[in-house]
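The following exercises are to be worked with the sequence and the coordinates at hand. Each task is followed by a solution in steps.

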Amino acid sequence: MKNLSIGLNVLLLIAVIVLYILHFSGNSKSTSNQGGTVTMNADARIVYINMDTLLNNYTQSRELNEAFLKKLEANRTELNIKVKNFDREAAEFRNKVENGGFMTRERAEQAQMDLMIKQQNLQKLQQEMTENAQREQMEINRKLYDAITNFLTEYNKAKGFQLILSTTLGGNVLFAQEGFDITNDVVNQLNEQYKKK
């Protein structure tokens, strides 16, 4: 989600710059831009989508994220069980050492080595789970980004917008006149399309 949010914020920043230029250029006037001339169209059709709302209300997004969270929870539970077992074994080892439970020093050293190996394996498992979760989150973000951008390409053929921006809560679009926010229309059509699949 973070990568999607970062990418969308970059796109939003570019769009804000374009809006700034459009606003201060006047109606179909040319503006000098460091020796070059840029012609602005006063009839530019620019809209935006609130990505927080879209991702919260888009069925595919909710389903993918719920499945991801369930998998994370199962992994956490599995790891916690293994950590508790390790902690129990470590406590038993300390208890044996304190009470002279090992017959020889070699047995105590071997038990300590076994515990160290188990601890390293737990750390490795935790790292693998974290890396897998990050990869899976990136894959979910890619799927959602592809689904949304592919939909918007088709959606815009009928609508004819020149620029579709995205924003999030506290993002770059702080105010827009009514009619510029197409989030609900996009969410409804995305959900209809997803139901058909």
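**Exercise 1. Determine where Lys82 and Glu78 lie in this predicted model, and how their side chains interact.**

Solution. Step one is to place the residues: helix H3 holds both Lys82 and Glu78, 4 residues apart, about one turn of the helix. An α-helix has 3.6 residues a turn, so residues three or four places apart point the same way. Step two is to examine the charged groups: Lys82 and Glu78 form a salt bridge, and their closest N and O atoms are 3.4 Å apart. Step three is to classify exposure, where partly exposed covers values between 20% and 50%. Lys82, at 36% relative accessibility, is therefore partly exposed, and Glu78, at 33%, is likewise partly exposed.

**Exercise 2. Identify which helices are linked by the salt bridge of Glu89 and Lys118, and classify the exposure of each residue.**

Solution. Begin with the distance: the side chains of Glu89 and Lys118 meet in a salt bridge at 2.5 Å, N to O. This pair links distant parts of the chain, since Glu89 belongs to helix H3 and Lys118 to helix H4, 29 residues apart. Next, consider accessibility: Glu89 has 24% relative accessibility and counts as partly exposed. Lys118, with a relative accessible area of 38%, is also partly exposed.

**Exercise 3. Describe helix H4 and the salt-bridge network that includes Arg142.**

Solution. First, the helix: H4 (residues 105-159) has 55 residues and reaches 80 Å from its first C-alpha to its last, close to the 81 Å expected at 1.5 Å a residue. Just after H4, Gly160 adopts a positive phi of about 70°. Second, the ion pair: Arg142 and Glu139 form a salt bridge through their side chains (2.5 Å, N to O). These residues are 3 apart in helix H4, so about one helical turn separates them. Arg142 is partly exposed at 40% relative accessible area, as is Glu139 at 33% relative accessibility. Third, the network: salt bridges with shared partners join Glu139, Arg142 and Asp146. In total, the structure holds 9 salt bridges.

**Exercise 4. State which elements contribute to the largest nonpolar core, and which gives the most.**

Solution. Start from the core itself: the largest nonpolar core has 22 residues, and those with the most contacts inside it are Ile49, Leu54, Ile148, Leu152, Ile182 and Val186. Two or more residues come from each of S3, helix H2 (51-57), helix H3 (59-98), H4 and helix H5 (183-196). H4 gives the most, with 8 residues. Taking Ile148 as an example, and leaving aside residues up to four places away in sequence, its contacts are Met51, Leu54, Leu55, Tyr58 and Leu190. A second, separate core has 9 residues, among them Leu79, Ala90, Leu115 and Met129.

**Exercise 5. Decide whether strand S4 is largely enclosed or open, and identify how S4 pairs with strand S3.**

Solution. Buried here means under 20% relative accessible area. Of the 5 residues of S4 (residues 163-167), 4 are buried, so the strand is largely enclosed by the rest of the structure. Strand S3 (residues 46-50) pairs with S4 in the parallel sense over 5 bridges. Within that pairing, Ile49 has Ser166 of S4 as its bridge partner.

**Exercise 6. Assess how far the model may be read in detail.**

Solution. The mean pLDDT of the protein is 82, and 78% of its residues reach 70 or more. Residues 26-42, however, have a pLDDT below 50; beyond near neighbours in sequence, this stretch has 19 contacts in the model. Where pLDDT is low, the predicted coordinates should not be read in detail.

Conventions
Residues numbered from 1 in each chain as written. Heavy atoms only, no water. Buried < 20%, exposed > 50% of the residue type's maximum accessible area, 1.4 Å probe, protein only. Pairing = 2+ DSSP bridges. Expected span 1.5 Å × (residues − 1). pLDDT = per-residue confidence, 0-100. Contact = heavy atoms within 4.5 Å. Core = buried A, V, L, I, M, F, W, Y, C linked by side-chain atoms within 4.5 Å. Salt bridge = Lys/Arg side-chain N within 4 Å of Asp/Glu carboxyl O.
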